[in-house]
Amino acid sequence: MPVFNEYHYEPLCAEDEVRLVVLDPATREQDPLSCSIIQSRRPARDPDYFAISYAWGEPVFSRNLEIRCDDDDISYLRITPNVDVLLRRLRALDIRHGLWIDAICLNQADEIEKAQQIPVMGPIFDEAKGVHIWLGPEDGMTAQLFTFLQGVNALPEAKKEKMASQIATLMKTLFGDGLRALGCYDDFSKRPWFSRRWIIQEACLARQATVHCGSYSIPLSSLVLAAARFQSLAMSSYPIKVMANLRRPTIRLTILELLWNFQEAECLEPKDRIAALLGLVHCSHRPRIDYTVHWTELYKQVASSILSLGNNDTKLQVMLHLFEFGAVSVPKDTTYPSWVPDWSKPRRRDLPYHSFIKNLDTYEPYPNSPGYSAKATLTFHHDALQIQWRSSLGEPRDRQVIYVTGFNPPPRSESHKIERVANTLHELFPPSRDSTQRILAVSSLMKTVVQFVQSRRDPKLRESSCDTLIRNFTQRLPEPSQVEVFNSLRQIDRVLGKFCLFELGPVGPRNEASTGYGVSSQQIQVGDVVIPLWRMEWKHDRLTNHVNSRETTVTMLVARRVKESSLQDTTSLSSKEEAVETGRIVGWAVCVLLDNKSSFEHSTSFYGKWKNNLYKEQQCTMRLV
């Protein structure tokens, strides 16, 4: 194609100005694609354009789109085969309205225009007359599957068990075999459109939408209802879960909730992990983003905005996002904040930081208020997160790591395994100290971790040469506790292959003041500060019913002290207050804290006294950068 025939875009002069494609009619499908491109302001009422939602596919621009210009000149734009096919399908439907399609209506070579237009793609789909969704060409099962989807829509309302039975009967009627039907539906749900991130707001904001698969079409509402009913079979996958939720929202969610719920939806550009969902956020809670910056800076902007404007529960939600998405890593920039979640990848739940549900595809309400009781208080100013917690849950001087082990490679031999387990147990429970409470705390922690991470398919532990060693330690306990504690401690070598186990205590030599134990999926170091965020929401099975002790399971943040005197913020400190320590977040952990019942916190009347005297407790503070 000659250079002088290439289409040249006229600039968009206003934020609400868009380009629209008007297709020329054709008598045959194979006729060349031709159109005109017009520019207009998005109408506030009575929109006269349709938006197109599709998956880009491979970026191979091997087809030509003929564009008629005002001066009767003809120029060309290179498009992908997928865009070529979908435009031919829409031309065959004789749609007489303008079409908005990002591949053509955005100047893909103009980064400034894209930075201005991409954040307002939500309103473009929201204000359109309707949305056409293109799933790609049909296959040999499309007709049968669309008949099935319409049949599921026609089923009478019923309870879950009855609905599952009706769907199973329909599958057998239409496909002759339930497994064949499930395979067909699974293949359909794996079409690239369903995993694309941008389609979430494109479909959810549509006033009305039609799904096209080759020459077959179905209303989006029928697809959504069928997917929602299909979930009654308890065989849902992430694409089907997304499919069931592609409806116009009755309430607008926060960006944190959207990032959490649609964590597997894919896009090529990390910035689009956020930009693709902004249209679903209420304008009053929508963070402003600068699409021209690097994605790590954009994530920092969004996290800073949320931390600045949100209440304490919202700030704790950011911490939970940090635990499951991980933290953004910028090794070359040591000043980059340690509190920015890495939303560029899906969530992982390594430990039960707030929920005991391991499978992220399992439905559970979004944690608007993580944990309960004695939550830490977070404030944000001057690009630093300041965290405060009550002294009853631990000060920096007695809530730091004093011993750590873990991330062990597989043992070289059985004798090596025995040696490793023996060394760990002797370090945790030295004979010079009363180790009863310590053994109970560690075994309780092992039980929590194993119950969470272990699959039903995992083989049970066979008799081990370490069993005799572990029994020797459990003999220090009252007899009723020995069997349960033994079964928990047998898992210690398996747990230490995936996690690190650490002991909390005061500065200086290890002594009787040990305050608890924790497990983390990050590499923790001796001297790290461990900060309590919230107590767990589930009732943990205790192993201390037979001794005079009590334990508390707490989700904790792990910070490493840094010297930052030049950046230390002292504007909020009075002359009587001590300087605030500064640290960087290096991990997160599930901890079991164990104290004597005779202490103030764990006395019989602790909860009443704690509630009445909360204001008397010392506030512990650390500044996180």
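The protein contains 21 helices and 18 strands, as seen in a predicted model. Of its 625 residues, 53% are buried. The surface that the protein exposes amounts to about 29,500 Å², and carbon and sulfur atoms supply 51% of that area. Among contacts between residues at least 6 apart in sequence, 74% join residues at least 24 apart.

**Helix packing around H19**

Two packed helices are described by the angle between their axes and the distance between the axes. Helix H19 (residues 479-489) takes part in a pairing with helix H17 (residues 436-453) and in another with helix H18 (residues 467-474).

In the pairing with H17, the two axes come within 8 Å and cross at roughly 60°. That angle makes H17 oblique to H19, and the crossing is left-handed. On the H17 side the contact is formed by Ile439, Leu440, Val442, Ser443, Met446 and Lys447, which meet Glu484, Val485, Ser488 and Leu489 of H19. By class, this contact of H17 with H19 comprises six nonpolar, two polar and two charged residues.

In the pairing with H18, the axes come within 10 Å and cross at roughly 135°. H18 and H19 are therefore oblique to each other, and their crossing is right-handed. Here Asp467, Ile470, Arg471 and Thr474 of H18 meet Gln482, Val485, Phe486 and Leu489 of H19. The residues of this contact of H18 with H19 divide into four nonpolar, two polar and two charged. Val485 and Leu489 of H19 are thus listed in the contact with H17 and also in the contact with H18.

**An enclosed helix**

Helix H10 covers residues 220-230, and eight of its 11 residues are buried, so the helix is largely enclosed by the rest of the structure. The buried positions are Leu220, Ser222, Leu223, Val224, Ala226, Ala227, Arg229 and Phe230. The charged residue Arg229 is included in this buried set.

**Individual residues**

Four residues are summarised below by location and relative accessibility.

| Residue | Location | Relative accessibility and class |
|---|---|---|
| Serine 36 | strand E2 (residues 34-41) | 15%, buried |
| Histidine 321 | helix H15 (residues 312-325) | 0%, buried |
| Aspartate 94 | loop between helix H1 (81-92) and strand E6 (98-100) | 40%, partly exposed |
| Aspartate 383 | loop between strand E10 (377-381) and strand E11 (384-390) | 44%, partly exposed |

Histidine 321 has a relative accessible area of 0% and is therefore buried, the cut-off being under 20%. Leaving aside residues up to four places away in sequence, histidine 321 touches Leu256, Leu259, Trp260, Gly326, Pro341, Trp343 and Tyr366.

Serine 36, at 15%, also counts as buried. With residues up to four places away in sequence again set aside, serine 36 touches Leu20, Val21, Val22 and Arg68. Serine 36 and cysteine 69 are separated by 33 residues in sequence, and their C-alpha atoms are 6.5 Å apart in space.

The two aspartates in the table are notable for their backbone geometry. Aspartate 94 is not a glycine, although its phi is positive, at about 60°. Aspartate 383 likewise has a positive phi, near 60°, in a residue other than glycine. Aspartate 94 lies in a loop that links a helix to a strand, whereas the loop holding aspartate 383 lies between two strands.

Key: Residues numbered from 1 in each chain as written. Predicted model: local features only at pLDDT ≥ 70, side-chain atom pairs only at ≥ 80, totals over all residues. Heavy atoms only, no water. Buried < 20%, exposed > 50% of the residue type's maximum accessible area, 1.4 Å probe, protein only. Helix = DSSP H or I, 4+ residues; strand = E, 2+ residues; numbered from the N terminus. Axes fitted to C-alpha atoms, helices over the stretch in contact; angles between N-to-C directions. Parallel < 35°, antiparallel > 145°, perpendicular 65-115°, else oblique. Left-handed = near helix turned anticlockwise from the far one by under 90°. Contact = heavy atoms within 4.5 Å. Areas by Shrake-Rupley, 256 points an atom, 1.4 Å probe, with all protein chains shown as cover.
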